[in-house]
Every structure is written in C-alpha cells, then in structure tokens.
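Here are my notes for a colleague opening this entry for the first time. Please keep the structure in view while reading.

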Amino acid sequence: MEKGSSFLFSGTHFNRKKFAGDFSIFIEKKVRDESLENMSLAETGEVETEEVMLYGKKRKRKAKVSETVKGFNVFKTSETATELEDNAENDHSQERKKMNRQIERDALLRKKHGIHISGHNVPSPLKDFSELSSRYGCKSYLLRNLAEFGYKEPTPIQRQAISVLLSGRECFACAPTGSGKTLAFLCPILMKLKHGSKDGIRAVIICPTRELAAQTTRECKKLAKGKKFYIKLMTKELARSGNFEKMPCDILVSTPLRIRFSMRKKKLDLSRVEYLVLDESDKLFELGFMRQIDSVVKACSNPSIIRSLFSATLPDSVEELARTIMHDAVRIIVGRKNSASELIKQKLVFAGSEEGKLLALRQSFAESLNPPVLVFVQSKERAQELYRELAFDNIRVDVIHADLSQTQRENAVDNFRAGKTWVLIATDVIARGMDFKGINCVINYDFPESAAAYIHRIGRSGRAGRSGEAITLYTEDDVPFLRNIANVMKASGCVVPSWILELPKLKRKKHRPQRDSISIKPKDEQEE
Ligand SMILES: Nc1ncnc2c1ncn2[C@@H]1O[C@H](COP(=O)(O)OP(=O)(O)OP(=O)(O)O)[C@@H](O)[C@H]1O
C-alpha cells in the first residue's frame with residue numbers, strides 16, 4: 001500500500017482473539033439465515049465453483065443409487081436410503097461450513113475497512129478490482145480504464161456499494177469526503193447498462209450543483225472510454241430545447257432544477273430508467289430541492305429500477321425519508337457516520353471581529369501562502385467583498401458563486417484546477433463533491449452554518465488519501481455554535497479545548513448571522 005493512502009484504505013486490524021466472543025455471536029446470527037449464506041456465496045466465483053462441485057457430487061451419487069436399486073432387493077434399498085440420508089446430511093454440513101467460512105471472510109474484510117452494513121442478504125464486499133470480472137463478468141475496457149487511472153484497489157465504499165448495486169439491490173451509502181463514492185455508483189451502471197442504445201434514458205444521476213454534475217459527467221466519460229455510451233450532461237440549452245425522443249442518451253447527469261424543467265416541457269421520458277442515483281443525497285432532500293426530487297423519483301416509474309443515495313453526511317431524517325422510497329435497501333456506512341476525514345488537520349482560530357478576520361487572513365497569506373487554497377464565505381455578496389479586498393494584494397485570487405454567469409463559473413473552476421488561481425473564494429456552491437486535486441488548505445473565513453456544511457467544505461482537501469489542512473475563523477458571534485464543529489473535530493482525532501466542548505448544547509443547528517461587511521475601512525466610511 002502506498003504511503004499516504006492510509007485514509008482511503010484505512011481500517012483496523014481485526015484481532016480475532018480479542019473479539020472472539022462478539023465474533024461467535026455474529027456468526028451464529030448469520031448462520032440462522034441460510035438464504036443469506038447462499039446469496040453471499042453465489043456472489044463469489046470461488047465458492048460458486050465449490051457449489052457446482054457439490055451439486056456435481058450429488059448428481060453422481062444419485063446416479064449410483066438408482067443403479068443399485070435397480071438390481072437388488074428390499075434390504076439393499078433400505079440400506080441405500082440410509083446412505084443417501086447420510087450423504088445428504090454430509091453435503092449439507094459441508095455446504096454450511098463453506099458458507100460460514102465465506103461469512104467469516106466477509107466480516108473480516110468489512111471490519112478491516114471500517115464497513116458497516118445493515119439489511120439482509122448483503123453481498124460480499126469486493127476483495128479487489130479483479131473480482132469485478134471473476135464475480136460479475138466486467139468487460140476488459142473498464143478494468144483497463146481503472147488501471148489507467150492508477151487505482152490499485154477499491155476504496156471501502158467501492159468494495160461494498162459496487163457489489164450491492166451489481167447484485168440488483170438498492171442502497172444508501174455514507175462514506176467520508178474524497179473516498180471514491182463517484183466510482184462506487186458509476187462502475188455498476190457502466191457494467192450493467194446496455195451501451196449505445198436507442199431505448200431512451202436508462203440511468204439518471206442527480207447532483208445538487210452544475211459544477212458537480214459537470215464533474216460527474218466527465219468522470220463517467222473517462223471511465224467509459226473504449227465503449228460507445230451516450231453520456232449527457234443536462235445543460236441549460238439541453239433542458240430548454242433538447243429533444244430526448246430523437247437524441248440517444250444512455251446516462252443523463254443533471255441538477256434537480258434542470259431535469260425538472262426538461263420534464264415540464266414533456267420531452268423527457270424517464271419511464272425506462274434502470275438506475276437512479278441521488279448524489280449528495282442529504283442536500284437533495286433539503287426543502288429547496290425536495291419537490292423536484294419527488295417528481296423525478298415518481299417519473300422513474302420502471303418497477304425494476306435500482307435507486308441509490310450517496311453522501312458523506314446522512315442525517316437520520318434523510319435515512320427515514322429514503323426508506324419510504326426504497327425497497328429492500330442495504331445501508332452502508334464507512335467509518336463513523338457524519339464524520340470528517342481524519343487526514344485533515346483542523347484548527348479553530350479566534351479572530352475577534354469581522355475586521356479581525358480580514359487582518360488574520362492577510363497576515364496568514366503574507367507569512368506563508370501554500371496554494372491551492374479555498375476560502376469559504378457565507379454569501380455571494382461577501383464573496384464579492386472579500387474578492388475586492390484581496391484582488392490587489394498580489395495574490396492570484398478568483399471568486400465563484402451562484403450569481404456569476406455559467407462561463408464565469410466554469411472559468412473559475414478551470415483556472416483553479418489548472419493552478420492559474422492560487423486562492424479561490426467561494427460560497428457553499430462548490431462545497432459539495434468538487435474534486436480539486438491537492439488542495440492544501442481550506443479556510444472557513446465565515447463560520448459554516450452547520451456541522452454538515454463544515455464536513456463538506458473541509459472535505460475539499462484531504463482527498464484520495466492525501467493530507468490537508470482546514471482553518472476555521474470565528475468571532476464572538478460564532479462562539480455559541482463552536483461546539484457543533486468542535487465535536488466533529490474531536491471525532492476525527494483533533495485536539496479541541498475542553499471549554500468549547502462544555503458549551504451548552506443548542507437546539508438551533510443552523511447559524512447564518514448578519515455580519516458586518518468585509519472591509520478594513522471604518523464603518524461610517526463604508527456606508528457612504
Ligand atoms: N480506488 C481508488 N483508488 C485511488 N483513488 C481513487 C479511487 N477511487 C477514486 N479515487 C480518487 O479519489 C478522489 C475522490 O473521489 P470522489 O470524488 O469520488 O470522492 P467522494 O467520496 O465522492 O467525495 P465527496 O464526498 O467530496 O463527493 C478522486 O480524485 C478519485 O479519482
């Protein structure tokens with residue numbers, strides 16, 4: 001394993017001796033459900049061969065028995081019946097032993113990678129990428145592409161979610177930021193879907209922002225290289241005037257708003273959709289998106305559809321809601337639910353006032369600026385204000401928020417990706433899902449509105465096994481909300497002052513205060 005990839009492939013070494021008690025309970029519980037065992041076993045090529053052999057043996061024995069019965073008397077027949085019973089029992093216990101061994105192997109693999117599952121008949125996690133072909137008949141182009149990306153082994157979420165989806169099961173999955181959830185849902189779609197078809201849209205992926213939808217489309221195309229899949233990003237143009245009846249489209253990636261707009265124009269038939277993915281699902285289940293998501297879910301009326309939900313944060317309320325639309329879904333949690341990546345060094349910095357924050361930021365950039373750096377603020381207005389302040393500081397700075405044109409937004413992302421921009425000032429519009437390679441530091445200039453927002457913002461660094469840093473500035477106004485963030489920090493192994501953890505618990509979770517505008521000019525001058 002490569003050094004530095006500890007987070008992606010993190011897990012604890014399972015001490016069987018120490019946990020022998022717990023482990024035996026687990027095994028007993030699983031053994032009760034024989035259908036589960038069969039399911040798990042059928043998933044692995046290795047055991048499949050064993051089963052075939054078993055059945056082969058059975059058939060052989062049956063043949064012998066019937067030959068014997070033909071030529072001998074009643075006594076012989078009764079002897080053979082006993083033999084038959086014994087053999088059947090033998091076979092059964094052999095089978096059970098093998099099944100138990102497989103369950104044991106699955107449990108160990110899950111434990112090693114911090115995978116927690118609920119649901120019945122959960123398929124075995126992948127041992128490695130080669131199992132994609134040995135167990136599921138994956139085409140060589142896909143394995144070649146994975147190798148080209150340099151992916152040596154599946155990440156924990158990929159190990160479990162891919163096998164679940166390939167077994168035709170629905171799932172809701174929660175795994176840390178930057179842990180490869182995108183591949184976990186793209187891979188099964190590409191493996192199962194008929195490519196280059198004229199049958200209409202058969203997979204829909206919904207992302208909360210245009211930037212994330214564009215990124216996912218690009219990843220999907222890269223992964224599909226070598227096979228003629230029609231993969232479309234729902235652009236404004238396409239939503240307005242695209243005729244999906246005439247245009248071939250296997251996989252459609254869209255934001256909720258654009259897909260809803262296109263559906264309203266009655267040009268979008270989703271009745272053949274076989275896969276529906278809600279990425280950043282907790283965001284999609286928030287009030288602003290709820291109606292669009294509801295209509296998409298309803299329009300995907302194919303009874304054999306496989307729906308999946310992915311996010312790094314999955315509140316209980318979303319899980320409950322998800323259960324109402326899914327059937328027989330598997331729940332997959334990697335590591336601790338709703339936690340930040342352990343590879344990010346997190347710091348809280350008291351800046352006193354709004355003015356203090358600007359001074360602190362300038363000072364920190366003057367002392368050491370290690371690009372790329374992402375700076376989050378709470379509104380479009382504040383993003384523009386901070387941009388104006390830093391634009392003349394001899395730093396290559398840019399800004400991105402929802403009020404910019406599509407081209408401006410795209411340029412901001414592209415320039416940041418290309419290293420032309422050192423510091424990108426952003427609202428939460430790019431806090432979710434965006435995969436910028438190697439962000440060294442995330443600065444929460446404005447305190448995040450919730451623990452979930454914090455986890456996603458800082459998760460833009462410390463991705464794919466790399467380390468990162470996150471600094472959160474706070475003022476007197478933010479102090480009552482510190483505890484929420486401090487709990488996340490503590491859970492991911494950061495040291496937090498005890499006085500913060502002892503702050504009273506707040507009922508109100510969202511924090512978006514009115515703040516003085518960003519400027520070092522005195523207040524009376526600002527108002528002129
Ligand atoms: N098996 C793998 N081995 C190594 N790198 C991988 C593997 N799978 C994905 N990656 C890389 O990990 C990075 C993060 O992946 P991805 O964007 O899918 O994370 P995510 O879990 O969706 O994060 P977020 O919660 O922020 O959306 C990407 O750069 C991707 O190329």
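**Notes on the model**

1. UniProt, in an unreviewed entry, assigns "domain: DEAD-box RNA helicase Q" to residues 131–159. The model shown is predicted. Residues 131–159 are 69% helix and 0% strand. The end C-alpha atoms of that span are 10 Å apart.

2. A further annotation comes from the UniProt record. The unreviewed entry puts "domain: Helicase ATP-binding" at residues 121–411 and 162–332. Residues 121–411 are 43% helix and 16% strand, with end C-alpha atoms 47 Å apart. Residues 162–332 are 43% helix and 17% strand. For residues 162–332 the end C-alpha atoms lie 11 Å apart.

3. Next, look at strand β12, residues 423–426. Which way do its side chains point? Val-423 and Ile-425 point one way, and Leu-424 and Ala-426 point the other way. All of these residues are buried.

4. Strand β12 has a parallel partner in strand β10, residues 373–376. The pairing of β10 and β12 runs over 4 bridges. Within it, Phe-376 stands opposite Ala-426 of β12. Ala-426 is one of the buried residues named above.

5. Strand β11, residues 397–400, also runs parallel to β12, and 4 bridges join them. Val-399 has Ile-425 in β12 as its bridge partner. How does the chain get from β11 to β12? The path goes through helix α17, residues 406–417, and this β-α-β crossover is right-handed.

6. Now turn to strand β13, residues 441–444. Cys-441 and Ile-443 point one way, while Val-442 and Asn-444 point the other way. Are these residues buried or exposed? All are buried.

7. Strand β10 comes up again here. β10 and β13 run parallel and are joined by 4 bridges. Val-373 stands opposite Cys-441 in β13. Strand β10 therefore has to be read twice, but please check each pairing separately: β10 with β12 is parallel, and β10 with β13 is parallel.

8. Strand β14, residues 468–475, runs parallel to β13, and 4 bridges join the two. The bridge partner of Asn-444 in β14 is Thr-472. Helix α18, residues 451–458, completes a right-handed β-α-β unit with β13 and β14.

9. One residue deserves a separate look. Gln-384 is in helix α16, residues 380–390. Is Gln-384 buried or partly exposed? Its relative accessibility is 23%, so Gln-384 counts as partly exposed. The cut-off for buried is under 20%. Lys-111 is 273 residues away from Gln-384 along the chain, and their C-alpha atoms are separated by 47 Å.

10. Finally, the cavities. How many of 30 Å³ or more does the structure hold? There are 2. The second largest has a volume of about 30 Å³. Its lining has 10 residues, and the closest to its centre are Pro-448, Glu-449, Ser-450, Phe-481 and Asn-484. By class, the lining of this cavity has 5 nonpolar, 3 polar and 2 charged residues.

Methods:
Residues numbered from 1 in each chain as written. Predicted model: local features only at pLDDT ≥ 70, side-chain atom pairs only at ≥ 80, totals over all residues. Heavy atoms only, no water. 1 Å grid on protein atoms, 1.4 Å probe; cavity = no way out; pocket = protein on both sides within 12 Å on 5 of 7 lines; lining within 4 Å. Points joined across faces, edges and corners; volume = space filled by probe spheres on them. Nonpolar A, V, L, I, M, F, W, Y, C, P; charged D, E, K, R; others polar. Buried < 20%, exposed > 50% of the residue type's maximum accessible area, 1.4 Å probe, protein only. Pairing = 2+ DSSP bridges. Right-handed = clockwise from strand over helix to strand, strands pointing away. UniProt positions renumbered as here; feature names shortened; annotations may be inferred.
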